[in-house]
Amino acid sequence: MPSLEDVERAARTIAGRVHRTPLLRSGTLSERLGVEARFKAELFQRTGSFKVRGALTRIASLSDDEKARGVITISAGNHAQAVAWAARAAGLDALVVTWQGADALKMAATRDYGAAVDDSAAGPAEAFVRLDELLAASGRTLVHPFDDPAVIAGQGTVGLEILEDAPEADVVLVPVGGGGLVSGVAVAVKARRPEARVVAVEPERSPALHEGLRAGTSVPVTPRSAADALSAPFAGERCISLCAELGVESVLVSEEDLADAFRWLYTRMKLACELGAAASTAALLSGKVAAEAGQTVVAVVSGGNIDPRQAAATLVGR
């Protein structure tokens, strides 16, 4: 399991290679909720999401033999782009496994970064079966999208930066797909500020971590949310264990909550994020997560790779 020392090591590994994203304050929401409301703007990160932090950390950990064999991953888009970009920077060959119907713009960007894409699988669950087949056949090194210690440590650097900019943070809300980001953030935040709450926020229609925490182990779910970045068909075992051990809270938001938060971020904060990245804000706006008066609340806005057509339809409420 990754520790605070692993997250701090990851921060040194990726220093100068990722953007130091801002922590933005909303006076409007602060006044409305009676808290200090801030937003960690990871949509401004390289490749458009936090995912590059974990990808760079994992690739930096590879041996020469592993690098020579190339890397492979599975993703609907954000992790795919991050691995493709990080692999190209390291001079490595990369193969991305995805599925039919995955975001076309994200996959186009992945190919532009130099990765090959296998999209023969019908859906997320079938894509993981395809991943296992290609791993066995190719001998490539896996860069898992969420259930890998180095990836989790890399994502945890988001938590370090939050506490550097807002050491008084009382509540940190994190959008969740497979659980890599929230578990990494929890490792960092709980080690440096044990009294702070870390809250995992998922769509009701894609509750992989929520169901995993309830069962005490990873269980399959069928992602049905429009928030494609949160479409993991299961949560990572390491992620579930870390979140359970560290007392991470779990809440679910509706599709309407997501759309409302997306519109609020776009119109009031001028943040053109993707739908899944609005999940943490949705938990605040909908009242699914409440904070005490005067507390500092940070919502991670995790990415900005949204199809313009989805953005336009969501903005006008279609």
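Helices here are DSSP runs of H or I at least four residues long, numbered from the N terminus, and one of them, helix H6, spans residues 104-112 and holds alanine 108. The legends below refer to a predicted model.

**Figure 1. The whole chain, before we zoom in.** The protein chain carries 15 helices and 10 strands. Its radius of gyration is 18 Å, and that agrees with the value near 20 Å that a compact globule of 318 residues would have. Put a box around the C-alpha atoms along the principal axes and you get roughly 55 × 45 × 40 Å. Of the 318 residues, 59% are buried. Now take the contacts between residues at least 6 apart in sequence: 73% of them join residues at least 24 apart. On the outside, the accessible surface is about 12000 Å², with 49% of that belonging to carbon and sulfur atoms. As for charge, there are 33 positive and 39 negative ones, and their mean positions sit 4 Å apart.

**Figure 2. Alanine 108 in helix H6.** Here we are in helix H6, residues 104-112, looking at alanine 108. This alanine is partly exposed, since its relative accessible area of 34% falls between the 20% and 50% cut-offs. Glycine 77 is also worth finding in this view: it is 31 residues from alanine 108 in sequence, with 9.3 Å between the two C-alpha atoms.

**Figure 3. Phenylalanine 39 and tryptophan 264, a tilted ring pair.** The structure holds four aromatic pairs, and this is one where the label comes straight from the geometry. The ring centres of phenylalanine 39 and tryptophan 264 are 5.8 Å apart and the planes meet at 35°, so the pair counts as tilted. The two partners come from distant parts of the chain, 225 residues apart: phenylalanine 39 belongs to strand S2 (residues 36-41), tryptophan 264 to helix H13 (residues 255-268). Both phenylalanine 39 and tryptophan 264 are buried.

**Figure 4. A cluster of phenylalanines.** Which residues do ring pairs link into a cluster? They are Phe128, Phe146 and Phe234.

**Figure 5. Valine 199 and its surroundings.** Valine 199 sits in strand S8, which covers residues 197-203. With a relative accessible area of 0%, valine 199 is buried. What does valine 199 touch, leaving aside neighbours within four places in sequence? Its contacts are Val171, Val172, Leu173, Val174, Val182, Glu249, Val251 and Val289. Serine 250 is another residue to pick out, with its C-alpha atom 5.8 Å from that of valine 199, though the two are 51 residues apart along the chain.

**Figure 6. Threonine 47, a positive phi in a loop.** Threonine 47 is not a glycine, yet its phi is positive, near 65°. You'll find threonine 47 in the loop that runs between S2 and helix H3 (51-60). Is threonine 47 buried or exposed? Its relative accessible area is 11%, under the 20% cut-off, so threonine 47 counts as buried.

**Figure 7. Lysine 270, a positive phi out in the open.** Lysine 270 also has a positive phi, about 60°, without being a glycine. This residue lies in the loop between H13 and helix H14 (279-285). Lysine 270 has a relative accessibility of 61%, which is over the 50% cut-off, so lysine 270 is exposed.

How values were computed
Residues numbered from 1 in each chain as written. Predicted model: local features only at pLDDT ≥ 70, side-chain atom pairs only at ≥ 80, totals over all residues. Heavy atoms only, no water. Helix = DSSP H or I, 4+ residues; strand = E, 2+ residues; numbered from the N terminus. Rg over C-alpha atoms; globule rule 2.2 N^0.38 Å. Buried < 20%, exposed > 50% of the residue type's maximum accessible area, 1.4 Å probe, protein only. Contact = heavy atoms within 4.5 Å. Areas by Shrake-Rupley, 256 points an atom, 1.4 Å probe, with all protein chains shown as cover. Lys, Arg positive; Asp, Glu negative; His and termini not counted. Charge placed at Lys NZ, Arg CZ, Asp CG, Glu CD. Phe/Tyr/Trp six-rings, centres within 6.5 Å; stacked < 30°, edge-to-face > 60°.
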